[in-house]
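Biologist: I should be grateful for a close look at the sulfur chemistry of this model, followed by an account of its setting in the chain. Please state the cut-off behind each term as you use it.

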Amino acid sequence: LIRIGVWTIVFLAITCNALVLATVFRSPFFISSIKLLIGLIASVNMLMGTSSSVLASVDAFTFGVFAHYGAWWEAGAGCHTVGLLSIFASEASIFLLTLAALERSFSVKHATKFETKSPLAGMRIAMFFCFMLAFIMAVIPVLGGKEYGVSPLCIPLPFGKPTAVSYMVALVLLNSLCFLVMTIAYTKLYCSLEKRELDNIWDCSMVKHIALL
């Protein structure tokens, strides 16, 4: 059941996010800041699906005999690469979703029917910082040693090492802060939707769309 579930998630993650990318970047010369954000979120989610497909493939190739290859897999470059990409993709997704929440909050609050949305240049700088922060969070276990190879899932599980425990606690706290920011932003947005009608129905639909994401 777990294997079927994993392969289903892999298929959906790669296929559906590829469709989103094809739709968003169909006209790359005319793209708004929020559509670019959605496209980038889809790209990192597809990267996460690809990393999961590697783990599922290793499980399929070593089915029933993983004990013979476990040490080789955990100590190899493949496991460390998959772990780094998984942490990078998941953190980038969370940071970009937080940025999308803040962008929607800013856009709905300040934009009028004839006003331009959030400046694309400023959003690109914010997106760059999101990716840089995600990359830093993914590289930290590599700098601390071979922490990606402590488990077959290639994630830095805190098995007794103080550095690994501190890293996971920091990761959980940072992600919790992001979800708190998103919750506050969308609570304020939905309260504003209750109080008044938006001039542009696009704002209302995009707020609900990003909130579902």
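Modeller: The answer below begins with the basis of the model and the overall fold, then turns to the cysteines and their surroundings.

The model is predicted: local features need pLDDT of at least 70, side-chain atom pairs count only at pLDDT 80 or more, and totals for chains, interfaces and linings use all residues. Residues are numbered from 1 along each chain as its sequence is written, and side-chain values use heavy atoms, with hydrogens and water left out.

The protein chain has seven helices and zero strands; helices (H or I, at least four residues) and strands (E, at least two) are DSSP runs, numbered from the N terminus. Read from the N terminus, the order of elements is therefore written α-α-α-α-α-α-α. Of the 213 residues in the protein chain, 38% are buried, where buried means under 20% relative accessible area, exposed over 50%, and partly exposed in between (1.4 Å probe, protein chains only).

Within this helical chain there is one disulfide, a term for a pair of cysteine sulfur atoms within 2.5 Å. Cysteine 79 and cysteine 154 form this link, with 2.0 Å between their sulfur atoms. The two partners come from distant parts of the chain, 75 residues apart: cysteine 79 belongs to helix H4 (residues 77-110), while cysteine 154 sits in the loop between helix H5 (120-143) and helix H6 (162-195). The angle about the S-S bond is -125 degrees, and the link of cysteine 79 and cysteine 154 is left-handed.

Are these two partners buried or exposed? Cysteine 79 counts as buried because its relative accessibility is 0%, and cysteine 154 also counts as buried because its value is 0%. Cysteine 154 deserves a further remark on its backbone: its phi is near 65 degrees, a positive value in a residue other than glycine. The residue that carries this value is placed in the loop between H5 and H6.

The other cysteines complete the account. Cysteine 16 is partly exposed, with a relative accessible area of 39%. Cysteine 178 takes part in no disulfide, and the nearest cysteine sulfur, that of cysteine 130, lies 8.3 Å away. Although it is in no disulfide, cysteine 178 is buried, at 9% relative accessibility.

Helix H4, which holds cysteine 79, also contains alanine 100. Alanine 100 counts as buried because its relative accessibility is 1%. Its C-alpha atom is separated by 9.6 Å from that of methionine 123, although the two residues are 23 apart along the chain.

A further separation of this kind involves leucine 40, a residue of helix H2. The C-alpha atoms of leucine 40 and alanine 92 are separated by 9.1 Å, with their positions 52 residues apart along the chain. Leucine 40 has 18% relative accessibility and therefore counts as buried. Beyond the end of H2, threonine 62 lies in the loop between helix H2 (33-61) and helix H3 (66-75). This loop residue is buried, with a relative accessible area of 10%.

H4 and H2 also share in the lining of a pocket. The largest pocket has a volume of about 520 Å³. Among its 23 lining residues, those closest to the centre are Val6, Ser52, Leu55, Ala56 and Leu153. Helix H1 (2-24), H2, H3 and H4 are the elements that give two or more residues to this lining, and H2 gives the most, with eight. On a 1 Å grid over the protein atoms alone, a pocket is an open set of points where a 1.4 Å probe fits, with protein on both sides within 12 Å along at least five of seven lines; lining residues have an atom within 4 Å of a point. Points are joined across faces, edges and corners, and the volume is the space filled by probe spheres set on them.

The database record adds a last layer. The unreviewed UniProt entry lists residues 6-25, 37-70, 82-102, 123-144 and 164-186 under "transmembrane region"; such annotations, given in the numbering used here with feature names shortened, may be inferred rather than shown by experiment. In the model, residues 37-70 are 88% helix and 0% strand, and their end C-alpha atoms are 38 Å apart. Residues 123-144 are 95% helix and 0% strand, with 32 Å between the end C-alpha atoms.
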